[in-house]
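Here is a structure to get acquainted with. Have a look around, and then we'll walk through some of its spots together.

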Amino acid sequence: MSSNQPKTSRANRGRPAVAVRASATAAKKASVSRPAGSKIKPGLITAAILTLFIAVALFLRAYLPYDKVFTPLGIKFTSNDSYFFLRLVDNLIHNFPQHTHIDPYLIYPGASGEIVINFFVWLISVPAWMANFVWPGQHTIDTVAAFMPAVLGALTVIPVYFIGKELFGRWAGVLSAGLIAILPGEFLGRSILGFTDNHVAETLLTTVSIMFLILAIKVASQRQLTLGHLKSRDWATIKKPLVYSLLAALFLGLYMAAWLGALLFVFITFVYFVVQFISDHLRRKSTDYLSFVGVIFFSVALLAALMISSSQLYLASLFIAVLAIVVLNVISRVMAGRSMKPIYYPVALLGMAAVGGGLVFLANRSIFNSMVGAFSIFKPVGAQLTTIEMQPLISRIYGNPLAIAWGNFNVSFFLSFISLAVLIYVLVRYGSAEKGLLVVWSLIILGATLGQRRFGYYLAVNVALLTGYLSWKALELAGFKELSAGIAGASGGVAGRRARRGTPAAANYFVMVIAVLIIFFGVFFWNIQPAVVVASATPYAPSDAWVSSLTWLKDNSPEPLGIADAYYQNYPSLAPGQSYYPFPESAYGVLAWWDYGYWITRIAHRIPNANPSQDPVSNKAVATFFTSQNETAAGEVRQTLGSAYIVIDHETTLSKFWAIVTWAGKNQTDFFDTFLVPQQNNTFRQAILYYPEYYRSMAVRLFNFDGKATAPDSPLVVTYTENKDEAGNPYKVITAAREFTTIEEAEAYLASLPAGNSRIVGSHPLKSPMPLEAIEHYKLVHNSEQTLTLQDGTNLPSIKIFQYEK
């Protein structure tokens, strides 16, 4: 029988061909006549489930925080940086499609940086600009901006599903998609209503880029794409890998246009290609397909970088990536052609990497240092650690070192490590180019997140995929592989009958139900309540006190640039020779801690002296003002900053004061410290005691005492011992304490004690043990109506605004 002759099934062997064709025709008619309801198409089931997951994701992100975002005081955005992006949106929409090139409203007096309207700002501005034609007004713009992160967060469900499907199968993708919809932590918190920051766009764009890169690599590998296909212009083989590679590069380009730190994913993908080249060469597999995908991916990304950024670091990094991919493939082909031992390949690459690094160092030391410095994201230091999002994932700041990881990912954090171990085993034993990308991607993002907890919004995707894979493997062991085949075959026909033969017996359904319950309650259920808590909370939105106080400042202070609509105007780039924006004489700054800088810009339309961009010069200057021990020293800083108003909240002098001290380059223990106070039954309680330096600081004198002269109140003299715990951490235990009615008595008693561990302290931030002089040049002009109640029942305004008077 010739190879192209039709084959017959065993049941039809020996029957006349006409009878076989008649039987097939009858079966086809029967299949066609079967009611549509009897067909269960996995694609439709999957689409329905994904739609449900997207709806759940939107419910968490948009419905739960709605009342805290849409308030009687207007729309409150739920992150500090949201107000930076909304400032740019305001300007772009009022001047569409033109935008300002420098923004004097961001900081005073050092406004200098060129404003780049990134992809995320355009993503908000274009639909908001269009909607503004139908429903004119600021509320329309703010509404579009508020919903954008929730929509982008919900849409992330889609690429997560497709990655899971391509790597592990349809139902692993479904499980992964369901998990990303409800995972608590950084990703959910940064994609709720009003968190109009570019982080959620970063996550979506990188996930889509990786999705297409996986498809490109998978198809190219399966088709065994070689340079021969390119020479013969075999478009049937080339087309799909080419399209997928271009799409992967396109979304990487959009990611680079959305965040200046996008080289993180350039690094991830580059490391993957190097590892995969080595793996394939050691397995004696052609690396042409990798070269094809890699060159297109990085070349198109390089073209995108040329259009969106003038950064030499971007251009150099991408150029090196393109060149490296070509070199990796050439060396592999040469060694394979000469039958050299495969182990020589990684050795040669190490040597070439050393030589290449040396050449970059010699050619441009600045770029080399920038490349090395980019790795600082893995371990921030110093004052950077005063920012919550830059703290490490594993930390004892909340007692349990795993508390932050658990809060972000729940049990999935630990399951993902098991999944990674399984995948690494599979890769080592069998090899899989596309799965290798997931492993490298996950390991590097894990490293970044261990350094800075903020990158948990990236890691959430990896955790969802890894946990979805492990969950599906568990369900397969319980029999779901056969069941899914049975569903797929329910459409009838020979294939359907064969698939249905694989449907598990009724006795096995009990095991399968138990497995579903274990996966649901063990993996999914415990995320629901934390997800509701995270989505319902808006801890980084401005309080009513801040909104009302900054609105007061807007209405009761002069326009700093002297023009009524100066906030909405475009400002040209700096002229040659100019280092900073040339402010008019009417300009002034508003001095507040940097956390509140963008709020001051966008709500009050005034210019802060510091903002969350974390400029070390301005931040240290503001911190120095707040911690200054006398008005003269503080005045010198104020004069340099050109501050006309001082805005202080209760956190500045209480919960955030330690961070201010750190930024000022001083020690927290110079201002206050935590002591252990002995109690009955050999127990201790912690007590914060404040030193005279705390009460003398400008922030405390202004906010806690309204800048007025203050008499000593219950000065306390304590004697203490200094000890260390088993880990070597120091702590202080009070051995004696005595309260006095006058400072003279306290000082006399202190003088009578042996020199050493004895100090005058205060036990309450609003009761100074030392006399304080009145501050002369700062007038209290506003108290917020909203108040704060301390533990002892004391009420004080949440926000106070002071005006400088000569």
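Let's start with the inside of the model, which is a predicted one. The lining of its largest cavity is made up of seven nonpolar residues and three polar ones, with no charged residues. Those lining residues are Phe413, Ser416, Phe417, Leu420, Ser442, Leu446, Leu459, Asn462, Val463 and Leu466. Three helices, α19 (412-429), α20 (433-451) and α21 (456-477), each put at least two residues into that lining. The volume of the largest cavity is about 60 Å³, and the count of cavities of 30 Å³ or more comes to one.

Now for a pocket. The second largest pocket holds about 1300 Å³ of space. Its lining runs to 37 residues, and those nearest the centre are Phe270, Ser317, Ile320, Ala321 and Met371. Which helix gives the most to the lining of this second largest pocket? That's α16, with 10 residues. Helices α13 (263-282), α15 (312-337), α16 (344-363) and α17 (365-373) each supply at least two residues of the lining. By class, the lining of the second largest pocket has 33 nonpolar residues, four polar ones and no charged ones.

Helix α13 is also home to Val266. Is Val266 buried or exposed? With a relative accessibility of 5%, Val266 counts as buried. Leaving aside residues up to four places away in sequence, Val266 touches Leu252, Phe298 and Leu318. Take Leu252 from that list: Val266 and Leu252 are 14 residues apart in sequence, and their C-alpha atoms are 8.3 Å apart in space.

Further along the chain sits helix α25, which covers residues 544-556 and so has 13 residues. From first C-alpha to last, α25 reaches 18 Å, close to the 18 Å expected at 1.5 Å a residue. Its buried residues are Ala545, Trp546, Val547, Ser549, Leu550 and Leu553. What covers these buried residues of α25? The cover includes a helix, α26 (597-604), along with the strands β3 (589-591), β4 (643-649), β10 (778-783) and β13 (799-804).

On to charged partners. The model has 16 salt bridges by count. Here are three of them, with the N to O distance for each pair.

| Pair | Closest N to O distance |
|---|---|
| Arg333 and Asp288 | 2.6 Å |
| Lys473 and Glu476 | 3.5 Å |
| Glu651 and Lys656 | 3.3 Å |

Take the pair of Arg333 and Asp288, whose side chains meet in a salt bridge. Arg333 belongs to helix α15 and Asp288 to helix α14 (residues 288-308), so the pair ties together parts that are 45 residues apart in sequence. How do the two partners sit? Arg333 is partly exposed at 41% relative accessibility, whereas Asp288 is buried, with a relative accessible area of 4%.

The salt bridge between Lys473 and Glu476 stays within one helix: the two residues are three apart in α21, which puts about one helical turn between them. Lys473 is partly exposed, at 36% relative accessibility. Glu476 is partly exposed as well, at 21%.

As for the bridge from Glu651 to Lys656, Glu651 has a relative accessibility of 27% and counts as partly exposed. There's a network of salt bridges too, and it links Asp90, Asp142 and Arg602.

Finally, a few backbone details. Where do the prolines Pro97 and Pro109 turn up? Pro97 is placed in the loop between α4 (80-94) and α5 (119-134), and Pro109 lies in the loop between α4 and α5 too. The peptide bond from Phe96 to Pro97 is cis, with omega near 0 degrees. Tyr108 and Pro109 are likewise joined by a cis peptide bond, here with omega about 5 degrees.

Two residues that aren't glycines have a positive phi: about 55 degrees for His605 and about 60 degrees for Asn681. You'll find His605 in the loop between α26 and α27 (616-627), while Asn681 is in the loop between β5 (672-678) and β6 (684-690). His605 counts as buried, with 10% relative accessibility, but Asn681 is exposed, with a relative accessible area of 71%.

Conventions:
Residues are numbered from 1 along each chain as its sequence is written. This is a predicted model: local features need pLDDT of at least 70, side-chain atom pairs count only at pLDDT 80 or more; totals for chains, interfaces and linings use all residues. Side-chain values use heavy atoms; hydrogens and water are left out. On a 1 Å grid over the protein atoms alone, a cavity is a set of points where a 1.4 Å probe fits but cannot get out, and a pocket is an open set with protein on both sides within 12 Å along at least five of seven lines; lining residues have an atom within 4 Å of a point. Grid points are joined across faces, edges and corners, and a volume is the space filled by probe spheres set on the points. Helices (H or I, at least four residues) and strands (E, at least two) are DSSP runs, numbered from the N terminus. Ala, Val, Leu, Ile, Met, Phe, Trp, Tyr, Cys and Pro count as nonpolar, Asp, Glu, Lys and Arg as charged, and the others, Gly among them, as polar. The expected span of a helix is 1.5 Å times one less than its number of residues. Buried means under 20% relative accessible area, exposed over 50%, partly exposed in between (1.4 Å probe, protein chains only). Contact means heavy atoms within 4.5 Å. A salt bridge is a side-chain nitrogen of Lys or Arg within 4 Å of a carboxyl oxygen of Asp or Glu.
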